[in-house]
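These are my notebook entries on the chain contacts and on one sheet. I set down each item in the order in which I looked it up.

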Amino acid sequence: MESFAYAAPATLDEALDILKSHRRRKVRTQLLAGGTDMLVQMRTSDREPRVIVDIKKLKETNRLNVGGKDTYVGAALAGVLLTADKQLVARHPGLVEAVDLIGSSQIQGRASLGGNLCNASPAGDTIPAIIANGGVCVIASANGTREIAAEKFVVGVGRNALKPGEILLGIRFPKPAKRTSDAYLRFIPRSEMDIAVAGAGVSITLDKSGKCTAARVAIGAVAPTALLVPAAAKALVGTRLEPAALQAAGAAASDASKPITDKRGTVEYRRSIVAVLVRRAAKIAAERAGALK
Amino acid sequence: MSEARQFNAIGRRVIRPDGVDKVTGRAAFGADYTLPGTIYGKVLRSPHAHARIVSIDTKKASRMPGVLAIVTGADFPKVGSEEITGGEGAGDYKDLATNVMARDRVLYHGHAVAAVAATSVAEADAALAAIKVRYEKLRPVMDIDTAMADDAVVIDEQLFTSGLPEKPSKPSNVATVMELKRGDVEAGFAAADIVLEGTYRTPTVHQGYIEPHACLATINQGGQATVWASTQGHFDVRSGAAKVLGMKVSDIKVIPTEIGGGFGGKTTIYVEPVAILLSRRSGRPVKMTMTREEVFRASGPASATKCVIKIGAKNDGTLTAMSAWLAYEAGAFKGSSMAPGAMCVFAPYKVDNFLIRGFDVLVNKPKVAAYRAPGAPQSMYACESLLDELAGKLGMDPIDLRLKNAVEEGCQAAYGPKFNAIGFRECLEAAKRHPNYSVPLGPDEGRGVAAGFWFNAGMQSSAEIHINEDGTVTVIEGNPDIGGSRASMAMMAAEELGVPYERVRVQIADTESAGYTNTTGGSRVTFATGMAVIQAARDIIGQCKQRAASTWGIDGDMVDWADGKAIPKPGVNADVKPLTLANIASNAARTGGPLLGRASLNARGAGPGFSVNFADVRVDRETGKLDVLRFTAIQDVGKAIHPSYVEGQLQGGAAQGIGWALNEEYVYNKDGVMENAGFLDYRIPVASDLPMIDTQMIEVPNPSHPYGVRGVGETPIVAPLAAIANASCAATGVRIRDLPLSPPRVLAALEHAAS
Amino acid sequence: MAKVHVSTSVNGQHTEFLCEPNESLLDVLRENLQLTGTKEGCATGDCGACSVTIDGTLVCSCLVLGVEIAGKEVGTIEGIAKGDVLHPIQQKFLEHAALQCGVCTPGLIVATKSLLDSNPKPTEEEIRYYLAGNLCRCTGYDKIVRAVQDAAQTMRGKRA
Amino acid sequence: MASVFFPDHLAQYTHGRREFDVNVSSFRDLLEWLEVRYPGISEKLVGRVAVAIDGDIIHDPFLETIAANSEVHFLHRIEGG
């Protein structure tokens, strides 16, 4: 009987070699980070044998750098390590909130930003937050590294832009401009442990007077992939996030959404609450960016 | 019983005897047993909700690596129709057998079709995938309205509605009709100042015990089987497996493991007979554990219901008439908890005119099982909701409305007999006085009140008490300890014998080592088995007095038993020292042999349990989400043997009821496939969903029990559904009659009300 | 492909085992190492009954592969008490009657220890959110939260 | 005379009659009394329905005393969860 195999390369070169040689032999490989989605899928729907390539031992996937220019979050870092990093929390509070919302304390011990992105669930909590923060995916292959914007990384339900032989090493975030902050909110029926029915990540930049000069709004669980909604951002820029502006941003998000009805919510419900979440997240982001309450 | 009795052991908050094993991981639950040579059984389940099985081909699977046995329905004996003499929902052995393994048709998605035993779970799973089953799909019947429609697909062509004056000419999905009535209901409504009516629906929900069903079975060449099973009633596993497999009861020994929750769901059998048969075919011990998905798809949930309630009242709140039309889904086989639902619905109230009609309805879902006060939460949710509406219309406090009509000792219950001592009025009065009832509410917050009721059961129990040579005490009984009952048994034995609690050990014995004992269910254990333990202790005391008398050379009736010692009665002229249990035990060989006390009984006089709950909730008007801010559970518990575990029953029942009200439901697609068969999307409350649950125990002693005990385990789940729904209505201003009150439903109702 | 040999440490004891590459740590603990105190409630990371620690981090052992723990330190319920002395958390669970059926209890105790190791003075809300991944169907959580609060206080007292 | 009551769904066994006044001293006597009037009724009742004698519900009644002023109600068996 065919079985699984497991490899835990210690260096990136070794990892890329493993991917290459198995590809040549037409052996299916699967990258493993925290495994909190992958193991469930392996057990329930996808029992085909393959070689599991654990990327948790690579230095590139374990680096966390909240630096002068950029922030770099290694793809395999477990949530607990991100929520515990004070610098990261100060710079991207909404992103860390999104990380913290994934599953239980136990899940936080394993689940990673890279895994959440690669799993490409429409409801992945970190994805709208990554997009709102202008996250860029750093991807390695035998040919070197390439970068693509996070909003382009997820290409469909459960599908990402990685080509065979590629590894997502981490996500790079530009250092937020002055008076910039972010927030992520999702809606779930319980207080914890559910999959988002809708989510919204918002980043807001204010000028000294408290006027919004830039914004990014991304929504989740209301379309096959998380969506960047420029129209919602546009509704906020130039305003002081007055109720009318928030209303307009929410409405734009609602218009941009393409939700489905499933066991977790209806089309109408998702359309309705995604607007609420955008309004609320924008307000929190602005407060964090220094807006007067 | 004597009201003034002072207790030594009972009423204390002692540490349970099995506690250390349970906090250190040593306690062995269903899946924790393995024998040398154990192999693993897995079940192939129907991918269709309703289909005819055309053929099953196991040839390829039987040649797969590691596969040692395969069985299908054809390998099981034919079981004739025979009523299971249990309570509601117990059904028929033929149905039980067909539920364990489908024969010619599959009746729900997840129905067992075949089973494999292999040397590993992975090999068993691989073999299941290699079994080829051809089905001819039939149209599934998935809800009450469809099942009861004139042109409904009939699930069982042999099923003719029972309970009607004459046998119907056509088969139907309605298995049973039941009617209870008193007075003239139409005249009662005509005499009312106000008449309200409402239709309420509740979804299919699951008990949600954390431990999946699990067993280990082994059978020898002589045909004698031993089964380790996680069950509420190992004697029922024995009788059920014997019927399904055509075995003698004496050829099956069932050893109860620790049980990781049941709530009624582990009162029947699923994998146990399959494991025995696979063991017979393979010659090896076979372990079977359900996955969580299997638990949802193939064990017994609680009925979805549709209830229509009508209430007539005078302007002062006096009820003049009540009627109920109650339809309960039974699942694929007859036997829902409709009957107790019908008997409970108006039980808390005095009303001269009522009419209750109940319907037990087949649908293509798993056969329902008991779930904590089975049947009561659904019908009483409906009635208690409509009473809340009535209180609102009359401008009455909802507790006052209930006080106006509350039953008390001597009142005739809607289900027939007169109540003995009950504590409903006391619960209502305690609720009214409770500080939580006057906490001011903020914006978007609302408070809801509801009452609950459950009969509580008695039934058969056995107990033995052995006095060991050092005077320590071993109690042997036959009820799996699902929530601390070893502690209450030990406390009652200690109380009677007058020895410290710490000197008593309780053993839950297997079917060959304990006397026959009915299931751990019906809130009966502390009451009925407790009574057996008390009687066995009294048997010991009688023997000890005799032993002391022979030691002292006086008459047996000249000896008293006090504070754990035999003493001569006042006035007896004997210069003797009191004899402790240890003294008597150490001398037992010389006075007649070992000290062995026994009792077996069929307990009567289980006192009914009443409760009053109230909840405060807050609504988020933009998302429709309800948060529970405060929850207060008040219940007449008779006499709390171990107060902490009684409070725990009230709190746990409240949490389950809150889950039922807010989020729990089976979500089915159009093909009859459950879409949320896991704890991710079947949303039971998590720690952060709930506030502290405040409890108040009212103790109105049950006159039929030596200490006043009445069952406490089931009543707590009854009232929360309506308490939450009524609070939701108060917070939102909108009455939603269908559960669960999930955010989409609440938001839709708010939007509908605004438009 | 063959089973993998894994060398690791469980509750401070050097441990070696063979397992399939796709076998979960939960199955390894229960089946290969006979450490059955860790329970399976769902095998999908939704119930927390299988909680253990890996190098001090709380995880669901059903969502970790056995092969992933090579060279790591695994902590299970069996390692919480020291010899015949219960850990204060275990003692408080008993005193507060914070268990009924007891099947979620090992996971809750492992999770509580992980909470109190990192946050010695949690608020009620922090306790409830930290333990949200440990489902209990019997207690309604009230007595569990109180036991954790009391254990935290006891442990703070011991530390001081 | 003890009063004996059948709920509607069980009154099918008594040709629709729901109340009786009976002079018996035990449940066994009551069953005999009923059997004489409604042959075959014992089989429908024994092991299948419960009885409440003066408020105490009994699943498997047989020798229980029925007093002159007792109230006896036949009812559905309740087991519970």
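Across which strands of chain B does helix 15 lie? I looked up helix 15 (residues 525-552) of chain B in this predicted model. I found that helix 15 lies across strand 17, strand 18 and strand 23 of chain B, and that it runs at about 145° to strand 23.

**Entry 1: the sheet in chain B**

I next traced the sheet itself. Four strands of chain B form an open sheet in the order 19-18-17-23, and I noted the pairing as mixed. The edges are strand 19 (504-508) and strand 23 (595-603), each of which pairs on one side only. Between neighbouring strands I read an average turn of 20°, with direction ignored.

I then examined one pair in detail. Strand 17 (residues 459-467) and strand 18 (residues 473-477) of chain B pair in the antiparallel sense, over five bridges. I located B:His466 opposite B:Thr474, the latter in strand 18 of chain B.

I also recorded helix 14 (residues 485-497) of chain B, which lies across strand 17, strand 18 and strand 19 of that chain. Its angle to strand 19 is about 135°.

**Entry 2: which chains touch**

I turned to the assembly. Four pairs of chains are in contact, and of these chains B and C share the most contacts. I found no contact between chain A and chain D, whose closest C-alpha atoms lie 27 Å apart. Chain C and chain D are likewise not joined by any contact; for them I noted a closest C-alpha separation of 14 Å.

**Entry 3: chain C against chain B**

I counted 44 residues from chain C and 52 residues from chain B in this contact. The two chains bury about 3,800 Å² between them, and carbon and sulfur atoms give 59% of that area. On the side of chain C, I noted C:Leu94, C:Gln100 and C:Arg137, which supply 22% of the area that chain C buries against chain B, more than any other three residues.

For polar interactions, I recorded 22 residue pairs in polar contact across this interface, both residues being at pLDDT 80 or more. The elements of chain C that give two or more residues to this side are helix 1 (25-32), helix 2 (88-95), helix 3 (105-118), helix 4 (124-130) and helix 5 (142-159). By class, I divided the side of chain C into 20 nonpolar, 11 polar and 13 charged residues.

I also recorded four salt bridges between chain C and chain B. I noted a salt bridge between C:Lys143 and B:Glu647, at 2.6 Å from N to O.

**Entry 4: chain D against chain B**

Here I found 26 residues from chain D and 41 residues from chain B. The buried area is about 2,700 Å², 52% of it on carbon and sulfur atoms. Within chain D, I noted that D:Ile78, D:Glu79 and D:Gly81 lose the most area to chain B, together 26% of what that side buries.

The rule finds four salt bridges across this interface. I noted that D:Arg48 forms a salt bridge with B:Glu83, with the closest N and O atoms 3.2 Å apart. I also recorded 11 residue pairs in polar contact, both at pLDDT 80 or more.

Strand 3 (49-53), strand 4 (56-58) and strand 5 (71-76) of chain D each give two or more residues to the side that touches chain B. Strand 5 of chain D gives the largest share, four residues. By class, I listed seven nonpolar, nine polar and 10 charged residues on that side of chain D.

Key:
Residues numbered from 1 in each chain as written. Chains lettered and ligands numbered in written order. Predicted model: local features only at pLDDT ≥ 70, side-chain atom pairs only at ≥ 80, totals over all residues. Heavy atoms only, no water. Contact = heavy atoms within 4.5 Å. Buried area = accessible area lost by both parts, 1.4 Å probe. Salt bridge = Lys/Arg side-chain N within 4 Å of Asp/Glu carboxyl O. Polar contact = N/O pair within 3.5 Å; in protein donor to acceptor, adjacent residues only side chain to side chain. Nonpolar A, V, L, I, M, F, W, Y, C, P; charged D, E, K, R; others polar. Pairing = 2+ DSSP bridges. Axes fitted to C-alpha atoms, helices over the stretch in contact; angles between N-to-C directions.
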